[in-house]
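Visitor: Could you take one part of this protein and go through it closely for me? I would like to know what surrounds that part and how it is paired.

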Amino acid sequence: MSTIKKVVRTLLIGTTRKDSVNMGIAEYNSNNRNIKDTSFGYTMSVIGGKWKLVIIYLLAENQTVRFNELKRQLGAITYKTLSSQLKELESDGLVKRKEYPQIPPKVEYSLTNRAQTLLPVLEQLCEWGEQNRD
């Protein structure tokens, strides 16, 4: 992704990058010994797993995508797993599902405003991968 596209996307979603990020590590080290009770634990419960970040990435790149197009882009995922992951992302408020009343049925998926706030973090992960790729 080019620098211009990153800047434009950052401006579109109304976020700014910060040099320091509080990931809840201090909270984990002080009182909570159960990782699930931290901010990190919550975040991982929402975006963790093999497919969720990939789905978010594809929806961010393509804006609105139909189910079968997502399936084609993901490749090895089963229909059942994709459906399950989309339902979980929808129930967590990260994916919006729009169903059109027609035959054959048409369903489109897109990111919610809440999911848009994850894009700067996803961009940082992409940058880390670029810098550390062998």
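Guide: What follows is a close look at strand 3 and its partners. This is a predicted model, in which local features need pLDDT of at least 70 and side-chain atom pairs count only at pLDDT 80 or more, whereas totals for chains, interfaces and linings use all residues. Residues are numbered from 1 along each chain as its sequence is written, and side-chain values use heavy atoms, with hydrogens and water left out.

Strand 3 covers residues 106–111, strands being DSSP runs of E with at least two residues, numbered from the N terminus. Five of its six residues are buried, that is, under 20% relative accessible area with a 1.4 Å probe and protein chains only.

Strand 3 pairs with strand 1 (residues 64–66) in the antiparallel sense over three bridges, where pairing requires that DSSP finds at least two bridges between two strands; here T64 stands opposite S110 of strand 3. Strand 3 is also joined to strand 2 (residues 95–100), by six bridges and again antiparallel, with V107 as the bridge partner of E99, and a hairpin of five residues connects strand 2 to strand 3.

Taken together, the three strands form an open antiparallel sheet in the order 1-3-2, in which strand 1 and strand 2 are the edge strands, each pairing on one side only. Neighbouring strands of this sheet are turned against each other by 30 degrees on average, direction ignored, the axes being lines fitted to C-alpha atoms and angles running from 0 to 180 degrees between N-to-C directions.

Conventions. Buried < 20%, exposed > 50% of the residue type's maximum accessible area, 1.4 Å probe, protein only. Helix = DSSP H or I, 4+ residues; strand = E, 2+ residues; numbered from the N terminus.
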